[in-house]
Every structure is written in structure tokens, then in C-alpha cells.
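Me: Please take a close look at one part of this model, the aromatic cluster and the nonpolar core around it. I would like the cut-offs given along with the values.

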Amino acid sequence: MRRPVYMFILGLFLLLLTACSRPTYPFVRLNVEAEGAVVAAERAAGRLPLRVAIAAVISPKATFDTYSPLLDYLAKRLDRPVELLQRPTYAEINELLRTGQADIGFICGGAYVEGEREGYMELLAVPEIGGTATYRALIIVPADSPYRSFEDLRGRRFAFTDPLSNSGRLYLQYRLAQMGETPDSFFGETIYTYSHDNSIRAVAQGIVDGATVDSLVFDALVKSEPELGKRLRIIERSRPFGIPPVVVHPDLDPALKMAVRDALIGMHKDPQGRQALAVLHVDRFVLPDPAAYESIRRMAAQVRGWK
Amino acid sequence: MSDHSSRARRWLRRFWQWITGISIRYKLLGMVLAVILLLGLAVTAQVQAQLAHDLRQSLEERGIALARDMADDATDLILTQNIFGLNQKLRATLETNPDVRYVFLLDAQGQVRAHSFPNRVPPDLLAVNRLGPDQPWRVQILDSDEGLITDVAAPIFEGKLGTVRLGLSLIAGWKQPWLLPHAGFCSPPWRLSSWAGWPCCS
């Protein structure tokens, strides 16, 4: 009779003695001097990559997602790695092309006329959308705002994209100059957002009262985010301008220049190329017409004080 | 062996006789005291265990918030190849959060992109807390030569640009070491609370 009682007491003691042992976590050595990984080299050994600079027409994340299929296509067609280069401003992208740190560039018309004038850019190809290689600047305001015309934005907060952008600044500067105004005299406050999608969101979120943006970016964004489109209203459209082109440095190896041009122009005939074009919302790439940028050159000459 | 067991049995028998020989008055008093003592110990254990659990949870949440914030800020810096800006961001995170022991960024191939260690990223760290493809974050407690570390992994740009790894030092973050998961607090008497389902140890 007493044995079960002893066993119970013994069992209880054993239970109490079963200490909560220290949980076992993986052991790591933090203080090791000689071992470990260093920062990896930026480029792997092998063929030199084609360095593609893309201006921040859209934000870096959106650029990465939108242009990655195009870069994969180019890598396959040219049989060499392709490196994506992005910078926060158009001026920095121009600098990459000027100094030969980038081989080709997808840039804005306003930045192109600057590089062309200084002799370090030439047109390689242009995208064609809906049978045309043009786009417009749009002046947008919040959908629920009282602003109906451009004049209503006098004294308000306004967003520009980049100092070198055509649709994101130059066009509006020119328009104001025609009115005998400057951005400082016309608007209460101006800011730079450094990409068109940022400007569109700044208007939708009420950070600014209006912005001037690229119609191609606006159309693509509103198509992918219809709710965003409902919060915006276009109050003015500019005349058509030459579309943001693909450019190279005039001194780039002619064989490479030709290979990249052929790859772009033949993109719509290749299944992988067609997929990449669909992501870009582009029908195909065509040969450029330098005359299409004449209106931007004229505006830049007046606004930037070119002799 | 049988000698030992018979001696233990004798000892237990004597103990039992002593217990049964005590007057009912003292037995009742003893039982009341024992219940009060056990209840007190149990309540203390429960409060401490809950406090330890809450602190550990808040530390993990802070680590996740810091790692995800770092991943978000790092995205544009990586995409614009702003290596200087990336390193400044690491430095600022360490300077403004004294309990952050380390931060390092891996690219999508698992190569080190930037780190806060003086020279190299310890190889042991690279082998642990690997993030799965669709995991929004992953927390793992690590033992180290500097004590326990809460290691948080968070993807950069949905993992397309790699992973952020951030280590929070438990000792630096917690001023009461007895609240640590492995502290003496979880010694035998407290085992009962754990056995009863309370979060004494984890």
C-alpha cells in the first residue's frame, strides 16, 4: 500500500528536479578576425557587361520591374551580361553617358537635347506606342479640387519631376515664360519629386495642388492602378513632343552600337522581346527622327538661355 | 544497488512515520503555510514569466520593424548604386539603436553587399536564419560569444535584391538579465509553473 505513495513522492521530486534546461540556440562566433565574408565584388569575372543607364522617369523600384525583361532580352540577344544603372537625377544619368560609364541610355527628351548640344549623345532608337513616337505633358490636379484651369494654380503648391525633364519641368517653364512668369513668381511653392510616378502620387495624396507629368507614365499608372486615376484630373495637355529616346555616346564602338540598335528594332519579332515590350507598354522600337525633338530644342534654348 | 534502495526505502519510511506522528494542529498549520508559500511562488513565477514573454516579444517586434525599415530604405540606394548612402544608413542604424549589434545586407545570390562589422561578416552568421522565398521576415534567437542575439531577416524589394540581417543584443536591450529566457529564474522550483502550462521557458 505504501509503495505507490513512495513512488508518487519520488516522482514529484524528480519532476521538480527536471530543471528547465537552457534552450539550445544555434551558436555563432561574432568575434572572428581572420574568417568570414567580405563585400562581394560588384561584377563577376567574365564578359564585360553592357551598361544600360535608365533615367528616373519612374521610381527606381518601378524601373527595375519594368525594364528587367528588356535587359534580359538584350543580354540574350547580345550574348553578354547587362547591367542596370540608375541614378536619382537625370543629370547624373547624363553624366554616366558623358563619361563613358554607361553604354546606352533610356532618357527623357529634355535631358537628350542637353546631351546632344554638348556633343556626348546621339539618338539610337525610339519607342513607338499606338503608331506614334510622341507623348505629351499633362498638368494634373486632385480630382476633388476646385482647380479647372492652369491659371487656378497660381500661388499653389506645384510639383516638378526633375530639372532636366521635358514634360516634368521644361514645358511648364516655357509655358510660364510665354505668360511672362517664372515658376517662382507664379506658384506659391514648388518641389522636385525626381520621378513622374512620384509626382502623380504627390498630387493624389494632396502633398501638392498640381504637377506636370509624362502622359505615357500617367496612362500606364492609371491603367495599373485605376483607384489612383479616380483621385486625379487632367486640366491641360501639351502639344505632342518627341518621345523619350534611347541614346548612346557618339564614340561608342560602332559594332556594339549597331548590335544594340538591331536588337531593339527587331524586338517585336522575338517572343521574349514581345513580352518585354508588353511590360514596357511599347509596341516596338523604331529608328529615330532627330527633327521630332526640334520643339524641345527650341523650348530649352529659350528657357535655359542657350546662345 | 539493492542496499541503496533498501536504505532509501528505510529513510522514506522514517520520514513518513515522522509526518504521520505530528499532531493534527501542526499538520494543519504546516499545510496552510505550504499552500501560502506555493501560491506565492506560483504567482511570482507567473508574473515574471509573463513579463519575460512580453519583453521578448517587444524586442522581436522592434527587430522586425528595424529590419524592414532598413530593407525599405536600402532598396532605392541599391538600385541607384549608392554604396556610400547604404553604408551611411547602416552606420546610422547602429548609432541610433545601441542594442543593434550588427546589420548586414546580402544580395539575391547570398553574397555580402554591405555590413557593419569592422572587417568581415562572421561565417557562422551566414549559415543561420535563412529566409524562405515568401517569408515576410524570420526571427531566430542565436547564442554567441557575446550572449544571446535576436537575429531578424527581412527581404529587400520582395527578395529580388536580397536580404537584410539585423542582430539585436538581448543583454544590451534588457536591463534585467533575470528576465532572459535562459536565466536561473527557470530553475527547478519554477519548472512547476512551466509544467502547468505557463510560459516560464521557451
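Reply: The account below starts with the two chains, moves to the core and the aromatic cluster, and ends with chain B.

This is a predicted model, in which local features need pLDDT of at least 70 and side-chain atom pairs count only at pLDDT 80 or more, while totals for chains, interfaces and linings use all residues. Residues are numbered from 1 along each chain as its sequence is written, chains are lettered from A and ligands numbered from 1 in the order in which they are written, and side-chain values use heavy atoms, with hydrogens and water left out.

Chain A has an average pLDDT (the predictor's confidence in each residue, from 0 to 100) of 91, and 92% of its residues score at least 70. Among its elements, strand β7 (residues 137-142) of chain A has the highest mean pLDDT, 98, and helix α1 (residues 2-17) of chain A the lowest, 66. Chain A contains 12 helices and 14 strands; helices (H or I, at least four residues) and strands (E, at least two) are DSSP runs, numbered from the N terminus. Of its 307 residues, 50% are buried, where buried means under 20% relative accessible area, exposed over 50% and partly exposed in between, with a 1.4 Å probe and protein chains only. A contact is a pair with heavy atoms within 4.5 Å. Among the contacts in chain A between residues at least 6 apart in sequence, 79% join residues at least 24 apart.

The largest nonpolar core has 61 residues, and the members that touch the most others are I107(A), I140(A), L153(A), L172(A), F187(A) and I200(A). Domain 1 (50-133 + 243-303) and domain 2 (137-238) of chain A both contribute residues to this core, so it lies between them; the domain bounds come from an automatic or database domain assignment. A nonpolar core here is a set of buried Ala, Val, Leu, Ile, Met, Phe, Trp, Tyr and Cys residues joined through side-chain atoms within 4.5 Å. In soluble globular proteins, nonpolar side chains tend to be buried together. With neighbours within four places in sequence left aside, L172(A) is in contact with I139(A), F150(A), F158(A), F160(A), F187(A) and T212(A). A second, separate core has 56 residues, including I54(A), V248(A), L277(A) and I156(B).

The aromatic cluster consists of F150(A), F158(A), F160(A), F186(A), F187(A), Y192(A) and Y194(A). Rings of Phe, Tyr and Trp (its six-membered ring) pair if their centres lie within 6.5 Å, and planes under 30 degrees apart count as stacked, over 60 as edge-to-face and the rest as tilted. Over all chains the count is 19 aromatic pairs. In one of them, F160(A) and Y192(A) have ring centres 6.0 Å apart and planes at 40°, so the pair is tilted. This pair links distant parts of the chain, since F160(A) is in strand β8 (residues 157-160) of chain A and Y192(A) is in strand β9 (residues 189-192) of chain A, 32 residues apart. F160(A) is buried at 1% relative accessibility, whereas Y192(A) is partly exposed at 30%.

F160(A) also has a charged neighbour: the charged end of R169(A) sits over its ring, 5.9 Å from the centre. The criterion is NZ of Lys or CZ of Arg within 6 Å of the ring centre and within 35 degrees of the ring normal.

D162(A) lies in the loop between β8 and α5 (166-178) of chain A and is buried, with a relative accessible area of 1%. Not counting residues up to four places away in sequence, D162(A) touches P88(A), T89(A), Y90(A), G168(A), R169(A), Y192(A) and Y194(A). From D162(A) to Y90(A) the distance is 6.9 Å, C-alpha to C-alpha, across 72 residues of sequence.

Chain B has 6 helices and 5 strands, and buried residues make up 39% of its 202 residues. In helix α1 (residues 2-21) of chain B, F15(B) and W18(B) are 3 residues apart, about one turn of the helix. Their ring centres are 6.2 Å apart and their planes at 35°, so this pair is tilted as well. F15(B) is partly exposed at 35%, and W18(B) is exposed at 54%.
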